Amino acid sequence: MKVTVWGCRGSLASPGPETVRFGGQTSCVAVHLSDGSLLILDAGTGIRPLGMALGGDHPQRIDILITHLHTDHIEGLRFFDPIWDPAVQLNVWGPPSPIRGLRSRIAPFFAPPFFPVHLRNLPSQPEFRDTPTTTWRIGSAVVTAQLVKHPGPTVGYRIEENGQALAYLPDHEPALGSELSEVETEWISGFTLAEGAAVLLHDGQYTHAEYDERVGWGHSSTEDAVTFARRAGAPRLALFHHDPLHTDAQLEAILARANELSASGAGQVELAREGMTFEF
Amino acid sequence: MAKTHAQRNLILILARDLASRLATPVFVVDHEGTLVYFNEAAEPVLGRTYAETGELRAGEWATEWSPTDDEGRPIPLEDLPLGVAFREGRASHLPFRIVGGDRVARAIEATAFPLLIREDEIIGAIAVFWERSSEGTADR
């Protein structure tokens, strides 16, 4: 599979000269499978340039896998070109809620006063589906969604193809209420999604000092992200969901800290940035 | 790509995290009724530590502490608060007696409620319990 990061900023799109190296678009990752299928992880503002890049050559079927309904993960959907194409088969997957289906939860974003066009009038007539509780197949991949620690119904994803896995947990606070370095792995939120994954895209929004002021907000510190990757045996961690207030220079400092933390382990740590690709 | 470990449901993880920080005794069971955790506050009441008991299947924990009513009649699993929570999918409360792992008899009362993630899907249940201040005098 080929994985391309189109947006890795957290919480709020943050364009400008101080964020140009890592990018200011909110969460969106394209996954091209070996059979030609296209999976898109989250529909933050990064999905807009992705749609433009696909142009008229987009696949007939596109599956968008939403982790949760916070605005920075769905705000780009309305500006994703293929959604206006009546010929495309668009499947939007998202976290199950105990109360309401995905379509009814997303519909307010496609209705006045937030948007002039109603969901029912979209030319592509997307199908909205709650993620299953068991693994399922999309194209040549096996997909797993699992609820993870983050406020409100939120899932992380694991995409497996040809014995390799991508784990995507952009908004995740596994250390909330847990001693991450000591607790048995079966009690770590998101553990099996990330276990042994070739690439782990994981929340690393805060520095250790920032996290102390934001416990329970649903995001991880650099330290906790590195610990989570180590416990999961994920050899390649890309810190994701960069804080909108962090400049490129601050992110470089976070990377330096992450490298210090991981120096004693076998894992590699990097910062997700727009345009970054992984192939495996 | 090694992927060999099981994963607890997030709701159970959150329940255990919460229980581990409470001073109220809490008992957590999974979707099969298996005891998967009780907290430190529960240990003096149950007379054992969770490290000692580990996981216990429903049929095991239901007899481990010999639950009886105030007249000494055994209470079957299905009539214990956790049993009712499981069987009927609703909260349940009951005063009863147990014999702790330290062989001390105690009068307790317990309230249990099911963990429903959908109207028809139960992934576990929680019981909170405490010793009655004066044996056998709790209001029913």
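Biologist: Let's start in chain B. Which residue is the bridge partner of Phe96(B) in E4(B)?

Modeller: Keep in mind that this is a predicted model. Strand E3 of chain B covers residues 92-99 and strand E4 covers residues 105-118, and the two run antiparallel with 8 bridges between them. Phe96(B) has its bridge partner in E4(B), and that partner is Ile108(B).

Biologist: Which residue takes a positive phi in the hairpin of E3(B) and E4(B)?

Modeller: That hairpin has 5 residues between its strands. One residue there has a phi near 70 degrees, and that is Arg103(B).

Biologist: What about the other side of E4(B): how many bridges join it to strand E5 of chain B?

Modeller: E5(B) spans residues 121-131 and runs antiparallel to E4(B). A hairpin through 2 residues links the two strands, and Leu116(B) has Ile122(B) as its bridge partner in E5(B). The number of bridges joining E4(B) to E5(B) is 10.

Biologist: Zooming out, in what order do the elements of chain B run from the N terminus?

Modeller: There are 5 helices and 5 strands to place in chain B. Starting at the N terminus, the order is α-β-β-α-α-α-α-β-β-β.

Biologist: Why is chain B said to be as compact as a globular protein of its length?

Modeller: For 140 residues the globule rule gives 14 Å. Chain B comes close to that, so it is as compact as a globular protein of that length; its radius of gyration is 15 Å.

Biologist: And what share of chain B's residues count as buried?

Modeller: For a sense of the overall dimensions, the C-alpha atoms fill a box of roughly 55 × 30 × 25 Å along the principal axes. Among contacts between residues at least 6 apart in sequence, 46% join residues at least 24 apart. Of the 140 residues in chain B, the buried share is 35%.

Biologist: Now to where the chains meet. Which element gives the largest share of the side of chain B that touches chain A?

Modeller: The contact takes 14 residues from chain B and 20 residues from chain A. On the chain B side, the elements giving two or more residues are helix H1 (10-19) and E4 of chain B. The largest share is 5 residues, and it comes from H1(B).

Biologist: How many residues on that side of chain B are charged?

Modeller: The side of chain B that touches chain A divides into three groups. Nonpolar residues number 7 and polar ones 2, while the charged ones number 5.

Biologist: Over to the core. Which residues touch the most other members of the largest nonpolar core?

Modeller: That core has 104 residues. Take Ile40(A): leaving aside neighbours within four places in sequence, its contacts include Cys28(A), Ala30(A), Ile62(A) and Leu65(A). The residues touching the most other core members are Ile40(A), Ala167(A) and Val28(B).

Biologist: Is Asp42(A) buried or exposed?

Modeller: Asp42(A) lies in the loop between strand E3 (38-41) and helix H1 (47-54) of chain A. Although it is not a glycine, Asp42(A) has a positive phi of about 70 degrees. The cut-off for burial is 20 or more other C-beta atoms within 10 Å. Asp42(A) has 29 C-beta neighbours inside 10 Å, so it counts as buried.

Biologist: And Ser11(A): buried or exposed?

Modeller: Ser11(A) is another non-glycine with a positive phi, of about 75 degrees. Its place is in the loop between strand E1 (2-7) and strand E2 (28-32) of chain A. Because Ser11(A) has 20 C-beta neighbours inside 10 Å, it counts as buried.

Biologist: Where is Pro113(A) found?

Modeller: The peptide bond from Pro112(A) to Pro113(A) is cis, with omega near 5 degrees. Pro113(A) is in the loop between helix H2 (102-106) and strand E6 (127-130) of chain A.

Biologist: Last one: which residue in E8(A) stands opposite Trp136(A)?

Modeller: Strand E8 of chain A (residues 141-147) has 6 of its 7 residues buried, so it is largely enclosed by the rest of the structure. Strand E7 (residues 136-138) pairs with E8(A) in the antiparallel sense over 3 bridges, and the hairpin they form has Gly139(A) in its turn, with a positive phi of about 55 degrees. E8(A) also pairs with strand E9 (residues 155-161) in the antiparallel sense, over 6 bridges. Opposite Trp136(A) in E8(A) stands Val143(A).

Conventions
Residues are numbered from 1 along each chain as its sequence is written. Chains are lettered from A and ligands numbered from 1 in the order in which they are written. This is a predicted model: local features need pLDDT of at least 70, side-chain atom pairs count only at pLDDT 80 or more; totals for chains, interfaces and linings use all residues. A nonpolar core is a set of buried Ala, Val, Leu, Ile, Met, Phe, Trp, Tyr and Cys residues joined through C-beta atoms within 7 Å. A residue is buried if 20 or more other C-beta atoms lie within 10 Å of its own, exposed if 12 or fewer, and partly exposed in between; C-beta atoms are placed from the backbone. Two residues are in contact if their C-beta atoms, placed from the backbone, lie within 7 Å. Helices (H or I, at least four residues) and strands (E, at least two) are DSSP runs, numbered from the N terminus. The radius of gyration is taken over C-alpha atoms; the globule rule is 2.2 Å times the number of residues to the power 0.38. Two strands pair if DSSP finds at least two bridges between them. Ala, Val, Leu, Ile, Met, Phe, Trp, Tyr, Cys and Pro count as nonpolar, Asp, Glu, Lys and Arg as charged, and the others, Gly among them, as polar.
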